[in-house]
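Work through the exercises below with the model open in a viewer. Each task is followed by a solution in steps.

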Amino acid sequence: MSDKIRVRIAPSPSGNLHIGTARTALFNFLYAKKVGGEFVLRIEDTDLDRSSEAFTQNIFDSLKALGLNWDEGPDVGGPYGPYYQSQRFDIYPKYAQMLIDKGYAYECFCSNEELEAEKEEAIKNHSAYVYSRKCLNLTDDEKNELRAKGIKPSIRFKVEHKELVFNDLVKGELKFDTSLIGDFVIMKSNGTPTYNFAVVIDDMLMNITDVIRGEDHISNTPKQILIYEALGAKVPNFGHLGMILAPDRTKLSKRHGATAVSDFVKQGYLTDALINFVALLGWSPSDGVEIKSVDEIAKDFRIHEVSSSNSVFEYDKLNWMNGQYIKKMEIPKLTDMIIPFLSKYDVAKYPREKLEKIVEITREPLTVLSEIEHDASYFFEDNFSYDEVREVLDKDLSKEVIRYVIDNADNWNFDDEDDIHNKLADLRTYFKENKSYKPKETMWAVRAATTGRTRGADMAETLWILGKDRVVERLKSAL
RNA sequence: GCCCCCAUCGUCUAGAGGCCUAGGACAACACCCUUUCACGGUGUAGACAGGGAUUCGAAUUCCCUUGGGGGUACCA
């Protein structure tokens with residue numbers, strides 16, 4: 001058997017890929033890639049009612065978009081399949097039986113009412129709830145009698161009372177008193193495995209060496225270790241990551257807005273920025289350079305250096321980072337990505353060259369791709385309102401500048417950006433020297449008249465894109 | 001109720017006993033650059049939750065309190 005590192009993520013397709021799951025996937029991926037290990041994807045679709053194919057597909061797509069490609073999984077296969085948990089139902093009962101045979105598990109016929117009563121009793125006594133083991137020593141006769149009544153038993157794991165210690169990859173030594181755990185159910189009375197049992201069997205069979213997951217799984221860990229031990233299997237390493245919290249410090253949920261990777265993408269976040277941002281929640285680069293690709297992060301990644309506390313998901317930094325990625329992106333690629341956000345307009349009215357130019361000159365202040373719809377609107381809508389710039393246009397100074405441009409438009413070569421640029425410079429100089437108008441005021445007049453805005457992209461390029469006819473027309477209607 | 005985890009600027013974090021009068025990034029603010037906004041640049045403000053203990057010396061170790069988070073299911 002090789003000692004190659006094997007990690008996995010096991011999302012449940014009861015929703016689109018959650019950003020938190022994406023981070024867990026990332027840390028697993030980084031951990032494995034750093035040492036040339038394998039990254040496995042297993043879909044935990046045991047809960048058939050809540051699982052759906054659309055969600056499964058979303059998980060595939062999101063993971064791929066983030067660059068987290070798996071070596072083994074439902075779609076690509078692998079030597080340890082099947083990778084859909086729902087296709088593995090037949091393998092759990094025999095392991096449960098094995099545990100019963102070895103005395104590590106037993107059948108339980110208790111009703112929900114009985115169990116509830118025990119629980120209430122425990123709370124009343126201010127003590128931990130631990131199953132009473134009422135069914136531990138049932139004789140065969142008693143069991144048959146109960147079975148004859150039509151009662152189907154669940155199977156409980158017999159928890160050995162001891163101090164259980166394991167060394168968590170991120171949190172260090174963790175100790176548990178297993179006498180507080182109570183014999184837990186591993187097979188439900190309907191014959192399906194419980195989560196804690198299924199994961200252990202799957203991870204064991206899939207040869208998973210390291211389990212990195214959210215800290216909401218910490219209390220499952222001792223139970224799972226106990227099962228590994230009873231099975232005589234090698235216990236994997238465990239690492240528990242702090243959770244991602246919303247700004248109100250509760251678990252990040254739909255109530256807080258976007259939670260799925262695909263939601264963020266729809267809003268105009270780039271997957272490169274997203275994954276980079278999420279890596280910084282708990283991990284920090286040794287060289288202080290925060291903008292990094294997954295590959296670069298992998299080189300520098302050490303699981304022991306990951307923060308063990310929770311972190312709050314704030315948009316400020318994500319927005320900044322997304323802006324950084326937008327600025328770095330190749331224009332043709334960016335243009336392709338931006339077109340969907342311009343669906344409100346007739347994009348086809350511009351040749352590709354001008355479309356790319358629009359993207360090039362309007363990308364600078366973008367933080368999220370969707371902002372382009374507003375920022376570039378005046379390139380697509382000719383009958384925009386001047387309300388926003390009324391104040392500017394009402395100034396005599398502005399009217400004068402606008403008239404001057406209209407009168408001299410024939411001298412401008414609107415097919416040549418450089419010429420427009422120079423003419424605008426001349427315009428500023430002219431009004432500054434003859435009328436003492438500030439360059440800013442002169443330009444504001446032109447901008448307001450041609451775009452209906454007081455702010456926006458470079459003026460010369462904007463005029464070039466619009467072309468002489470539309471520029472003159474807009475100047476006139478602004479008066 | 002019981003069990004567990006966590007605790008440095010508003011947020012993400014650096015910091016593994018003296019290098020810390022606590023560093024960086026985002027956000028904020030100011031200034032500079034500039035045809036606007038933005039980008040960029042420079043700077044300002046801003047934190048070791050509280051209390052004990054150990055030590056010559058603690059953000060760093062230990063204990064308590066407080067606060068936050070998670071779990072406590074025949075959900076995953």
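**Exercise 1. Contacts and overall form**

Of the contacts in chain A with a separation of 6 or more, what percentage is accounted for by residues 24 or more positions apart? Then decide whether chain A is a compact globule or more spread out.

Solution. The model is a predicted one.
Step 1. Residues 24 or more positions apart account for 75% of those contacts in chain A.
Step 2. The secondary structure of chain A consists of 20 helices and eleven strands.
Step 3. For 479 residues the globule rule gives 23 Å, and the radius of gyration of chain A is 32 Å, well over that value, so chain A is more spread out than a compact globule.
Step 4. Along the principal axes, the C-alpha atoms of chain A fill a box of roughly 110 × 45 × 40 Å.
Step 5. Of the 479 residues, 49% count as buried. Chain A exposes about 23200 Å², of which carbon and sulfur atoms supply 47%.

**Exercise 2. The surface near RNA strand B**

Describe which parts of the protein surround RNA strand B, and which parts of the RNA they meet.

Solution.
Step 1. There are 58 residues around RNA strand B, and those that come nearest are Lys 188, Ser 219, Arg 249, Leu 280 and Gly 456.
Step 2. Sorted by class, this surface has 21 charged, 19 polar and 18 nonpolar residues.
Step 3. Elements that each supply at least two residues of it include strand S6 (172-177), helix H11 (315-328) and helix H18 (417-435).
Step 4. On the RNA side, sugar or phosphate holds 74% of the atoms within 4 Å of the protein, and the rest belong to bases.
Step 5. Single atom pairs show each kind of partner. A base oxygen is 2.7 Å from a polar backbone atom of Ser 189. A sugar or linking oxygen is 2.5 Å from a polar backbone atom of Leu 280. A phosphate oxygen lies 3.5 Å from a polar side-chain atom of Ser 311.

**Exercise 3. The setting of Arg 42**

Is Arg 42 buried or exposed, and which side chains make polar contacts with it?

Solution.
Step 1. Arg 42 lies in the loop between strand S2 (38-41) and helix H2 (53-65).
Step 2. Its relative accessibility is 0%, so Arg 42 counts as buried.
Step 3. The side chain of Arg 42 makes a polar contact of 3.0 Å with the side chain of Glu 44 and one of 2.9 Å with the side chain of Asp 203.
Step 4. Beyond four places away in sequence, the residues that Arg 42 touches include Ile 9, Pro 11, Tyr 83, Val 199 and Met 206.

**Exercise 4. Backbone geometry in loops**

Find which peptide bond is cis, then compare the settings of Asn 207 and Ser 436.

Solution.
Step 1. The bond from Gly 81 to Pro 82 is cis, with omega near -5°. Pro 82 is in the loop between H2 and helix H3 (92-101).
Step 2. Asn 207 is not a glycine, yet its phi is positive, at about 60°. Ser 436, also not a glycine, has a positive phi of about 60°.
Step 3. Asn 207 lies in the loop between helix H6 (195-205) and strand S8 (210-214), whereas Ser 436 is in the loop between H18 and H19.
Step 4. The relative accessibility of Asn 207 is 24%, so Asn 207 counts as partly exposed. Ser 436 has a relative accessible area of 60% and is therefore exposed.

Note on methods: Residues are numbered from 1 along each chain as its sequence is written. Chains are lettered from A and ligands numbered from 1 in the order in which they are written. This is a predicted model: local features need pLDDT of at least 70, side-chain atom pairs count only at pLDDT 80 or more; totals for chains, interfaces and linings use all residues. Side-chain values use heavy atoms; hydrogens and water are left out. A residue is near a molecule or strand if one of its heavy atoms lies within 4 Å of it. A polar contact is a pair of N or O atoms within 3.5 Å; within protein, one must be able to donate a hydrogen and the other to accept it, and residues adjacent in sequence count only if both atoms are side-chain atoms. Helices (H or I, at least four residues) and strands (E, at least two) are DSSP runs, numbered from the N terminus. Ala, Val, Leu, Ile, Met, Phe, Trp, Tyr, Cys and Pro count as nonpolar, Asp, Glu, Lys and Arg as charged, and the others, Gly among them, as polar. The radius of gyration is taken over C-alpha atoms; the globule rule is 2.2 Å times the number of residues to the power 0.38. Buried means under 20% relative accessible area, exposed over 50%, partly exposed in between (1.4 Å probe, protein chains only). Contact means heavy atoms within 4.5 Å. Accessible areas come from the Shrake-Rupley method with a 1.4 Å probe; for residues, only the protein chains shown count as cover.
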